[in-house]
Amino acid sequence: MLLVGLTGGIGSGKSTVGRALVERGAVLVDADEIVRRLQSPGTNVFAEMVERFGSGIVAADGTLDRQAVAEIVFNDEAALADLGAIVHPRVHEEIERRVAEQVDTDNVVVLDIPLLGEAGWPGLQGTIVVDLHPDTAVSRLVEHRGFTEADALARIDAQIGRSERLEMADFVVENSGPLEDLETEIERLWEWIGSLEQR
């Protein structure tokens, strides 16, 4: 198994890069997907979140209203810490389980973890950072994901700084340009991953 980390700020295109690596044969362990699954109705995480934050975080269809949760925790450090205490240990456990399944394979395993810069992960053989100018990230969040400019800026400001993220990178995928440029970057990335396998 070759284990690499993939991270990038909100709006960076990290998920697009992750999908492209899967198309090339990698196994993706996606922390956001794990969070969504763990927060689905009927799970312990869902029940504990409703107990802590109230029924206002449950949407009309019975699922988790993520925007309602964000509005509660975003400006309340204690609430954010409580959310982390409910969610993070379970996510960590599930990531560990999925990685352990791959240990005896020859697969390239990509850990897609938004908070990789903040939390780290042991045993990585390389860290990939998807980077773009913050102004570009803001415009993409507004245009494609329905954020207000103020909300997009606040989300970016709440994350680890761009320079800190770049410092931890073994490989940087530049994603400020059009999609065809990203395809070229992904090809370059896949070649780099191949060079790691040969070491």
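Here a trainee and a mentor talk through ring pairs and nonpolar cores in a predicted model.

Trainee: Why are F171 and W192 called an aromatic pair?

Mentor: Rings pair if their centres lie within 6.5 Å. The centres of F171 and W192 are 5.2 Å apart, so they pair. The structure holds one aromatic pair.

Trainee: What makes the pair of F171 and W192 tilted?

Mentor: Planes under 30 degrees apart count as stacked, and over 60 as edge-to-face. The angle here is 40 degrees. That fits neither class, so the pair is tilted.

Trainee: Which parts does the pair tie together?

Mentor: F171 lies in strand β5, and W192 in helix α10. The pair therefore ties together parts that are 21 residues apart in sequence. Both F171 and W192 are buried.

Trainee: How do you know that R155 lies over the face of F74?

Mentor: For Arg, CZ must be within 6 Å of the ring centre, and within 35 degrees of the ring normal. R155 is at 5.4 Å from the ring centre of F74, so the distance cut-off is met. R155 is listed as lying over the face.

Trainee: Which residues touch the most other members of the largest nonpolar core?

Mentor: M49, I95 and L111 do, in a core of 25 residues. Helix α5 gives the largest share, seven residues.

Trainee: What is L111 in contact with, beyond its neighbours within four places in sequence?

Mentor: Its contacts include L3, V29, I95, V99 and W121.

Trainee: Where does W192 belong?

Mentor: W192 is in another core, of 19 residues, which lies apart from the largest one. L182, I186 and L189 are also among its members.

Notes. Residues are numbered from 1 along each chain as its sequence is written. This is a predicted model: local features need pLDDT of at least 70, side-chain atom pairs count only at pLDDT 80 or more; totals for chains, interfaces and linings use all residues. Side-chain values use heavy atoms; hydrogens and water are left out. Rings of Phe, Tyr and Trp (its six-membered ring) pair if their centres lie within 6.5 Å; planes under 30 degrees apart count as stacked, over 60 as edge-to-face and the rest as tilted. Helices (H or I, at least four residues) and strands (E, at least two) are DSSP runs, numbered from the N terminus. Buried means under 20% relative accessible area, exposed over 50%, partly exposed in between (1.4 Å probe, protein chains only). A nonpolar core is a set of buried Ala, Val, Leu, Ile, Met, Phe, Trp, Tyr and Cys residues joined through side-chain atoms within 4.5 Å. Contact means heavy atoms within 4.5 Å.
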